[in-house]
Amino acid sequence: MPAIDFAKGVDQFGGDESMYMMMLERFEGLTLTDSLSKLNQAMASREWQEVRRQAHSLKGASGYIAAEKFSHTAFELQQAAESGDESRIKSAHSALSREADILLKEIHKLLGKLGQ
């Protein structure tokens with residue numbers, strides 16, 4: 001399964017491929033970078049409510065660009081943070097980090113940023 005459902009993403013933007021590509025670039029450059037940084041800081045300080053907020057934000061934003069697996073993994077982290085179970089939170093965070101790497105590679109490929 002690809003990290004991004006390109007056809008669905010374009011469809012979500014009314015068929016406007018250039019707008020979708022612009023949103024992918026914005027997601028990569030701002031949303032993902034900023035949220036992952038805040039998420040990692042919250043994980044380090046064990047601030048589970050902030051982990052939940054950042055996971056929720058990532059879930060919504062990634063769903064918007066049709067990155068469904070990443071969105072689902074972010075939701076799992078959100079639920080783990082709500083439970084307060086540190087072991088579950090750490091496991092979900094690791095899974096999200098792996099999915100973030102996969103997602104970034106796919107975004108770079110779509111945007112023609114190979115090797116970055």
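Which side chains meet in a salt bridge at 2.6 Å, N to O? They are the side chains of Arg46 and Glu86. The model described here is predicted, and the report goes on from this pair to the other charged contacts, the nonpolar core and the aromatic rings.

## Arg46, Glu86 and the H2–H3 loop

The salt bridge between Arg46 and Glu86 links distant parts of the chain. Arg46 sits in the loop between H2 and H3, while Glu86 belongs to helix H5, and the two are 40 residues apart. Glu86 counts as partly exposed because its relative accessibility is 24%, and the lower limit for that class is 20%.

The contact also belongs to a wider arrangement: Arg46, Glu86 and Lys90 are linked in a network of salt bridges.

## Other salt bridges

In the whole structure, a search finds 6 salt bridges. One of these pairs is Glu50 with Arg53, whose closest N and O atoms are 2.9 Å apart. Both residues lie in helix H3, and because they are 3 residues apart, about one helical turn separates them. Their burial is as follows: Glu50 is buried, with a relative accessible area of 18%, and Arg53 is partly exposed, with 42%.

Glu99 and Lys69 form another salt bridge through their side chains, at 3.7 Å, N to O. Glu99 lies in helix H5 and Lys69 in helix H4, so this pair ties together parts that are 30 residues apart in sequence. Glu99 is buried at a relative accessible area of 13%, whereas Lys69 is partly exposed at 42% relative accessibility.

## A buried glutamate without a partner

Glu106 is a residue of helix H5. Glu106 is buried but has no salt bridge. What is the nearest side chain of opposite charge to Glu106? It is Lys109, at 6.2 Å. A salt bridge here requires nitrogen and oxygen within 4 Å, so a pair at a distance of 6.2 Å does not qualify.

Setting aside residues within four places in sequence, Glu106 is in contact with Pro2, Ala3 and Ile4. Two of these residues, Ala3 and Ile4, are also among the contacts of Leu103.

## The nonpolar core

The largest nonpolar core has 33 residues. Within this core, Tyr20, Val51, Leu58, Phe70, Leu77 and Leu103 touch the most other members. Helices H2 (17–44), H3 (48–64), H4 (68–83) and H5 each supply at least two residues of the core. H2 gives the largest share, with 10 residues. As general background, nonpolar side chains in soluble globular proteins tend to be buried together.

Beyond its neighbours up to four places away in sequence, Leu103 touches Ala3, Ile4, Phe27, Ala67 and Phe70. Phe70 is thus a contact of Leu103 and is listed with Leu103 among the core residues that touch the most other members.

## Ile89

Ile89 is located in helix H5, which spans residues 86–111. Is Ile89 buried or exposed? Ile89 is buried, because its relative accessible area is 0%. Not counting residues up to four places away in sequence, Ile89 touches Met43, Trp48, Val51, Leu77, Ala80, Ala81 and Gly84. Among them, Val51 and Leu77 are core residues that touch the most other members.

A comparison with Lys8 gives a sense of distance across the model. Ile89 and Lys8 are 81 residues apart in sequence, and their C-alpha atoms are 30 Å apart in space.

## Aromatic pairs around Tyr20

The structure contains 3 aromatic pairs. One of them joins Phe6 and Tyr20 in an edge-to-face arrangement, with 5.5 Å centre to centre and 75° between the planes. Phe6 is in helix H1 (residues 6–12) and Tyr20 is in helix H2, so the pair ties together parts that are 14 residues apart in sequence. Phe6 is partly exposed, with a relative accessible area of 26%, while Tyr20 is buried, with 0%.

Tyr20 also pairs with Phe13. This pair is tilted, with 5.7 Å centre to centre and 50° between the planes. Phe13 is buried at a relative accessible area of 13%. One aromatic cluster is formed by Phe6, Phe13, Tyr20 and Tyr64.

Methods. Residues numbered from 1 in each chain as written. Predicted model: local features only at pLDDT ≥ 70, side-chain atom pairs only at ≥ 80, totals over all residues. Heavy atoms only, no water. Helix = DSSP H or I, 4+ residues; strand = E, 2+ residues; numbered from the N terminus. Buried < 20%, exposed > 50% of the residue type's maximum accessible area, 1.4 Å probe, protein only. Contact = heavy atoms within 4.5 Å. Core = buried A, V, L, I, M, F, W, Y, C linked by side-chain atoms within 4.5 Å. Phe/Tyr/Trp six-rings, centres within 6.5 Å; stacked < 30°, edge-to-face > 60°. Lys, Arg positive; Asp, Glu negative; His and termini not counted.
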